[in-house]
Structure formats: structure tokens, C-alpha cells
Amino acid sequence: EKFSAGGYLKKYIEDNQSGQGVELEKEEKSSAGKIEYIIYAQKMFSSYVNNLNKTVDYGNEYIIAGKESEKDNLLYVVNRLMVMRMAVNYSYIVSDPILQEKSLATATTIAGVIGIPAVITAVKYTILTILAYEESCIDLCAVLQGRAVPMVKNVTNFKMSYEEICLGSKNLFEQKALQYGAESDIKRADEFTYIKGIYMLQMLVPKKTIKERMLDLIQHDMRKRFQESFCIDTCICSARFRVSYDIPYAYSYLTRDEKGEMMSGREVIALYEYKS
């Protein structure tokens with residue numbers, strides 16, 4: 001939890017000075033340590049539900065998508081969260097005997113004239129897919145409002161009724177999303193939130209890509225806030241120099257220590273910090 005960019009840089013320098021650069025390269029290619037980058041990113045960069053007043057509103061989304069447009073990054077993430085929720089909701093729907101029975105009856109009414117069982121089955125599962133999509137719209141609407149939805153659906157927490165399939169609309173989805181509570185302070189394993197979805201998607205991104213996109217965000221922020229010419233690969237954040245030296249006793253401006261003895265040692269400290 002104490003991971004920082006400065007700590008990583010220090011480790012990088014120490015490893016290369018001690019001849020362990022090969023080990024660092026192996027570590028870069030592995031998945032170990034990826035979670036440190038993700039935790040750092042979620043604390044330092046903004047997202048749709050957590051604006052930290054950065055120059056990039058959707059920094060965590062950029063780490064996942066890598067698009068130049070903020071809108072494209074958000075759309076990329078929302079589409080993938082929709083796919084995740086579709087899979088969860090559809091898995092429940094196809095296991096519910098009541099929904100299976102109702103959808104079969106509707107499909108028979110629609111395609112029964114044709115009399116081909118395969119067509120009736122196709123219509124049935126099309127209806128169930130539409131129901132799963134509408135339930136997923138409610139889930140996405142809720143998590144984008146900072147709410148928590150159940151990780152897995154069942155008959156008690158499924159919001160869309162079968163009879164409402166043809167009534168699906170933005171207003172209906174928003175109304176049903178309000179039935180979910182706000183995200184709890186203590187994250188529960190049975191909750192799905194926008195932040196948890198971001199975490200899952202970032203885990204699918206290679207660690208090297210995550211690091212590079214984090215550096216993109218830092219460089220962009222520095223350029224917008226301080227200096228347009230800032231370049232992170234040639235940046236010196238700060239440097240502190242301590243110069244110690246001795247001078248002969250002959251000089252009259254020598255100082256004395258606490259015991260009154262003459263001191264020949266001198267020390268100069270210089271501090272350099274990046275300034276805009």
C-alpha cells in the first residue's frame with residue numbers, strides 16, 4: 001500500500017547498479033506487481049464516478065482503453081461492463097424455469113405458424129437475450145450513479161419483469177436503478193460497482209501497458225498545469241547535493257565547535273527542484 005512511483009524508480013536504479021537488471025526485466029514481463037500499479041492508478045487518477053480534479057477526467061478509463069478521446073475511453077469501458085453484466089444476467093435468465101416457460105409461450109405464439117422447432121427455439125432465446133440486455137442497462141445505469149448492484153442475480157434482485165420487455169426505455173432503466181443502494185463503504189464480495197468493474201478490466205491489460213499509460217497521464221497533467229515542454233523521460237523531479245570539504249586552519253573566519261576547538265570542515269547543500 002506504500003507503493004509509489006518514486007519507490008519504483010529507486011528500486012530500478014538499485015537493481016541496475018547491483019547487476020539485477022535482468023531480474024527486473026523478467027519481473028516486467030510477468031503479471032506480478034500489476035496490482036500495485038492498479039491500486040496506485042485508482043488512488044491518483046480520476047474516473048467517471050471519482051473526479052479528483054485532474055486534467056484528464058477519465059484517467060482510469062484511459063489506462064484500459066488507451067484512446068485519445070475522453071469520450072472514446074468512457075464508451076470503451078461502458079461497452080465492456082455491459083458485456084460483463086450481460087453474461088451474468090443471461091446465465092441467471094436461462095436457469096429460471098418461469099422465464100423459460102414464458103419465453104417459450106411467446107415464441108410459440110410468434111413463430112408457431114411456421115411450425116419449425118428450431119425457429120421457435122431461436123425466437124425464445126432472442127427474447128431472453130433482450131431481457132438480459134435490458135437488465136444490464138439497469139445495472140450500468142446504477143453503477144454509473146455510484147451505486148452497487150448484486151454480483152450475481154436471482155429471482156429476488158432481478159429488476160426487469162418479463163411483462164416489461166416491450167416497455168424498456170431510458171426512463172424505466174433510471175427509475176429501476178434508483179432501487180439499488182449507494183456503494184457501501186466496506187466493499188462486499190457480492191457487490192458489483194463501477195470501481196470494481198474498472199479494476200477487473202485493468203487486470204486484463206498488460207502491466208507494461210498500464211505503466212506506460214500512467215506515465216502518459218502524468219506527463220499530460222504536468223504539461224497542462226505547469227509547462228507545455230515537460231517531458232517525463234527527461235525529467236528530473238528533484239536532486240539534493242551535499243558537498244563536504246576541508247580548508248586550512250590559517251583562515252581567520254574558521255568557526256569553533258561546541259568544545260571551542262577549531263573546525264576545518266565545511267559543507268554546502270544545494271537543492272534543485274523542477275519548476276515551471
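In this predicted model, strand β3 is the element that gives the most to a nonpolar patch on the surface, contributing three residues. The patch is formed by Phe 241, Val 243, Tyr 245, Val 268 and Tyr 272, which together have about 490 Å² of accessible area. Two elements, β3 (238-246) and β4 (265-273), each give two or more residues to the nonpolar patch. One of the residues of the patch, Tyr 245, is found in strand β3, and Tyr 245 counts as partly exposed because its relative accessibility is 38%, a value that falls between the limits of 20% for buried and 50% for exposed residues.

The strands β3 and β4 are also linked by a pair of charged side chains. Arg 242 forms a salt bridge with Glu 267, and the closest N and O atoms of this pair are 3.8 Å apart. The pair links distant parts of the chain, since Arg 242 lies in strand β3 and Glu 267 in strand β4, 25 residues apart. Arg 242, at 53% relative accessibility, counts as exposed, whereas Glu 267, at 46%, counts as partly exposed.

In total, the structure holds eight salt bridges. As a general point, side chains of opposite charge can pair when their charged atoms come close. In another of these pairs, the side chains of Lys 153 and Glu 135 meet in a salt bridge with an N to O distance of 2.6 Å. This pair, too, links distant parts of the chain, with Lys 153 in the loop between β1 (149-150) and α8 (170-177), Glu 135 in helix α7, and their positions 18 residues apart in sequence. Lys 153 is buried, with a relative accessible area of 4%, and Glu 135 is likewise buried, with a relative accessible area of 0%; both assignments follow because buried means under 20% relative accessible area. A salt bridge of a more local kind is found within helix α8, where Glu 174 and Lys 170 both lie, four residues apart, or about one turn of the helix. The closest N and O atoms of Glu 174 and Lys 170 are 2.7 Å apart. Here Glu 174 is partly exposed, with a relative accessible area of 29%, while Lys 170 is exposed, with a relative accessible area of 58%.

Helix α7, which holds Glu 135, covers residues 117-144 and therefore has 28 residues, which at 1.5 Å a residue should span 40 Å; the C-alpha atoms at its ends are 41 Å apart, in agreement with this expectation. Just after α7, Gly 146 takes a positive phi of about 80°.

A further site is centred on Asn 60, whose place is in helix α4 (residues 59-65). Asn 60 counts as buried because its relative accessibility is 2%. When residues up to four places away in sequence are not counted, Asn 60 touches Ala 41, Gln 42, Phe 45, Ser 46, Ser 47, Ile 198 and Gln 202. With one of these residues, Ala 41, there is an approach between polar atoms, in which the side chain of Asn 60 reaches the backbone oxygen of Ala 41 at 3.4 Å. Asn 60 and Ile 38 are 22 residues apart in sequence, and their C-alpha atoms are 8.8 Å apart in space.

Note on methods
Residues are numbered from 1 along each chain as its sequence is written. This is a predicted model: local features need pLDDT of at least 70, side-chain atom pairs count only at pLDDT 80 or more; totals for chains, interfaces and linings use all residues. Side-chain values use heavy atoms; hydrogens and water are left out. Buried means under 20% relative accessible area, exposed over 50%, partly exposed in between (1.4 Å probe, protein chains only). Contact means heavy atoms within 4.5 Å. A polar contact is a pair of N or O atoms within 3.5 Å; within protein, one must be able to donate a hydrogen and the other to accept it, and residues adjacent in sequence count only if both atoms are side-chain atoms. Patches are made of residues with over 30% relative accessible area and no salt bridge: like charges are joined within 9 Å, nonpolar side chains (Val, Leu, Ile, Met, Phe, Trp, Tyr) within 5 Å. Accessible areas come from the Shrake-Rupley method with a 1.4 Å probe; for residues, only the protein chains shown count as cover. A salt bridge is a side-chain nitrogen of Lys or Arg within 4 Å of a carboxyl oxygen of Asp or Glu. The expected span of a helix is 1.5 Å times one less than its number of residues.
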